[in-house]
Amino acid sequence: MFGKHAAYIIPSYTLTVLVIAGLLLWILATYRKRKNEIAALEAKGIKRGAGGEQ
Amino acid sequence: MNDVATQKTGFWTWLTGLANPTRFMGLADRWIPWLAAITTALLALGLWMSFNAPEDYQQGATVLIMFIHVPTVWLAMFCYLVMSISALGTLVWRHPLSDVALRAAAPIGAAFTLLGLITGSLWGKPMWGAWWVWDARLTSFLVLLIIYLGIISLGRALEEPTQAAKALAITTLVGFINLPIIKFSVDWFETLHQPASVSRLAKPAMDVAFLYPLLTMALAFSFLFATLHLMNMRNEILRRRIRSLKLRAAAGER
Amino acid sequence: MRALLKRELNLALRAGSGALTGLLFFLAVITIFPFGIGPDLNALSRLAPAILWVGALLASLLGLERLFSQEREDGSLDLLVMQDHPLALSIFIKCLAHWLVTGLPLVLAVPLFGIMLNLSPIGIGAVMVTLLVGTPAITFIGAVGAAVTVSLPRGGLLIAILVLPLVIPVLIFGVSATNGALFDPDPFTSPFLILCALSLFTMVLGPLAASMMLRHSVE
């Protein structure tokens with residue numbers, strides 16, 4: 001379908017998908033992990049200050 | 001006149017109001033799903049347009065690679081521009097979210113730069129016969145990757161948040177000089193890389209059959225960047241919350 | 001100012017091993033290359049300008065850690081920032097002292113190393129002159145990297161990574177000027193002048209950016 005250049009086109013698209021998917025999954029996984037960590041800390045009774053801190 | 005004045009104040013008030021992390025998180029939570037949806041739609045459209053574009057006279061089907069290579073390069077540079085503006089935000093206006101924006105953007109920019117290098121290489125081999133040449137544009141784009149990785153390393157090494165923010169901001173701004181070098185090196189030095197064909201002011205030298213898919217993909221990648229950036233900014237804010245909770249816990253136990 | 005320079009020089013010389021280590025590292029790099037390239041004298045002499053420049057560049061980069069190490073160790077960073085003279089000027093003097101102690105020896109070692117690499121006298125002269133003009137630029141740009149990582153005790157490698165992209169132009173024009181002196185059609189003057197310009201440019205911007213960083217790290 002892509003003629004003789006398939007060997008270059010297919011890896012291009014595949015690698016792009018892999019890298020972007022990897023980035024997305026990393027961000028999502030980190031988000032979930034940190035949310036859980038905060039929930040665990042707050043369950044132990046450690047509260048944030050009023051107004052939210054940096 | 002009054003309207004413009006209130007509008008301007010309105011925007012700045014809103015921007016400063018965002019400095020409150022909780023408010024930002026709320027905004028991010030609301031916007032991210034929409035941005036993700038738009039990204040997906042645009043990607044689908046862009047890919048459809050790309051695969052339905054005719055084969056280029058010279059390039060054959062490899063023009064398909066151009067439809068990802070060019071957007072990733074543009075986004076890699078745009079991301080650094082966002083980081084530089086954030087750096088100014090930290091240094092000049094001391095906006096608290098600027099540092100969050102900078103740190104969150106860096107890994108995304110590095111990923112786009114890496115993709116730009118890889119797709120460029122895969123496009124270059126069939127087109128011009130070389131996987132890599134040390135010409136000005138490719139070299140300065142590789143340098144951009146090194147700068148990104150350096151900023152990421154620095155961010156992980158520096159613990160204390162305020163000082164780290166200043167350090168990252170200054171480093172980012174010092175590295176900004178690389179961006180004009182990437183952009184204009186193709187005009188300054190005779191290189192193998194093809195000169196600009198899209199940003200010519202009069203009329204793009206590219207045929208519309210290729211221009212429209214390219215612009216659509218570029219738009220899609222821009223929304224992808226926006227989505228990923230907001231998501232990562234959320235993560236960065238959570239990281240700081242965890243850090244301050246832990247510090248608070250350690251202080252309380254004493 | 002002269003008193004400050006004298007004091008900095010004394011400190012730098014007393015800190016001792018810094019200058020010698022840099023020189024030894026330069027020697028190590030020069031020695032390793034022939035093992036990699038092979039003993040072909042023609043090849044070596046053609047590559048010698050680049051090898052000398054890369055060796056000097058790496059040796060300079062690795063020495064940058066010492067720029068503020070004294071202040072960090074004895075905690076006198078605050079004193080440095082709160083002096084009467086402008087901080088940028090103090091940093092400029094520090095960089096100058098640092099260069100005199102670590103950069104200048106590299107330049108002076110070039111004749112010996114050049115002979116080891118079968119470089120012609122013209123080549124040796126060209127490398128010396130370009131390094132003389134270019135190594136200060138490395139120090140001044142490096143000051144920003146050193147200031148940014150001043151709180152890290154072992155930030156040496158990180159400094160090298162941060163500063164490396166910025167000194168690439170110095171390397172390019174340094175080698176280009178040297179090759180211009182050696183091989184006929186290539187110009188010497190224009191890359192050399194650009195090299196001078198880079199040094200002057202960084203001489204101002206480097207200490208300024210470094211002072212901005214140090215000031216905030218003390219606040």
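These questions and answers cover the contacts, salt bridges and burial in a predicted model.

Author: Residues are numbered from 1 along each chain as written, and chains are lettered from A in the order written. The model is predicted, so local features need pLDDT of at least 70 and side-chain atom pairs pLDDT 80 or more, totals for chains, interfaces and linings use all residues, and side-chain values use heavy atoms, without hydrogens and water.

Reader: Why is the pair A:Glu37 and B:Lys246 called a salt bridge?

Author: A salt bridge is a side-chain nitrogen of Lys or Arg within 4 Å of a carboxyl oxygen of Asp or Glu. The closest N and O atoms of A:Glu37 and B:Lys246 are 3.0 Å apart. That is within 4 Å, so the pair qualifies. The count between chain A and chain B is one salt bridge.

Reader: What else describes the contact between chain A and chain B?

Author: Contact means heavy atoms within 4.5 Å. By that rule, 31 residues of chain A touch 43 residues of chain B. The two chains bury about 3600 Å² between them, with 75% on carbon and sulfur atoms. Buried area is the accessible area (1.4 Å probe) that two parts lose on being put together, summed over both. Four residue pairs are in polar contact, both at pLDDT 80 or more. A polar contact is a pair of N or O atoms within 3.5 Å; within protein, one must be able to donate a hydrogen and the other to accept it, and residues adjacent in sequence count only if both atoms are side-chain atoms.

Reader: How do you know what the contact between chain C and chain B is made of?

Author: The buried area is about 1500 Å², and carbon and sulfur atoms give 83% of it. Salt bridges between these chains number zero. Residue pairs in polar contact, both at pLDDT 80 or more, also number zero. Helices 7, 8 and 9 of chain C each supply at least two residues of the side that touches chain B. Helices are DSSP runs (H or I, at least four residues), numbered from the N terminus; strands are E runs of at least two. Helix 8 of chain C gives the most, with six residues.

Reader: What makes B:Arg234 buried and B:Asp29 partly exposed?

Author: Buried means under 20% relative accessible area, exposed over 50%, and partly exposed in between (1.4 Å probe, protein chains only). B:Arg234 has 9%, so it is buried. B:Asp29 has 36%, so it is partly exposed. The two form a salt bridge, with the closest N and O atoms 2.4 Å apart. B:Asp29 lies in helix 2 of chain B and B:Arg234 in helix 8, so the pair ties together parts 205 residues apart in sequence.

Reader: Why are B:Asp99 and B:Arg103 about one helical turn apart?

Author: They are four residues apart in helix 4 of chain B, so about one helical turn separates them. Their closest N and O atoms are 3.5 Å apart, and they form a salt bridge. B:Asp99 is buried at 5%, and B:Arg103 is buried at 16%.

Reader: Which residues join B:Glu236 and B:Arg240 in one network?

Author: B:Glu236 and B:Arg240 form a salt bridge, the closest N and O atoms being 3.0 Å apart. Both are buried. Salt bridges that share partners join this pair with B:Asp99, B:Arg103 and B:Arg239.

Reader: How many disulfides does the structure hold?

Author: Zero, over all chains. A disulfide needs a pair of cysteine sulfur atoms within 2.5 Å. B:Cys79 is buried, at 0%. C:Cys196 is partly exposed, at 21%.
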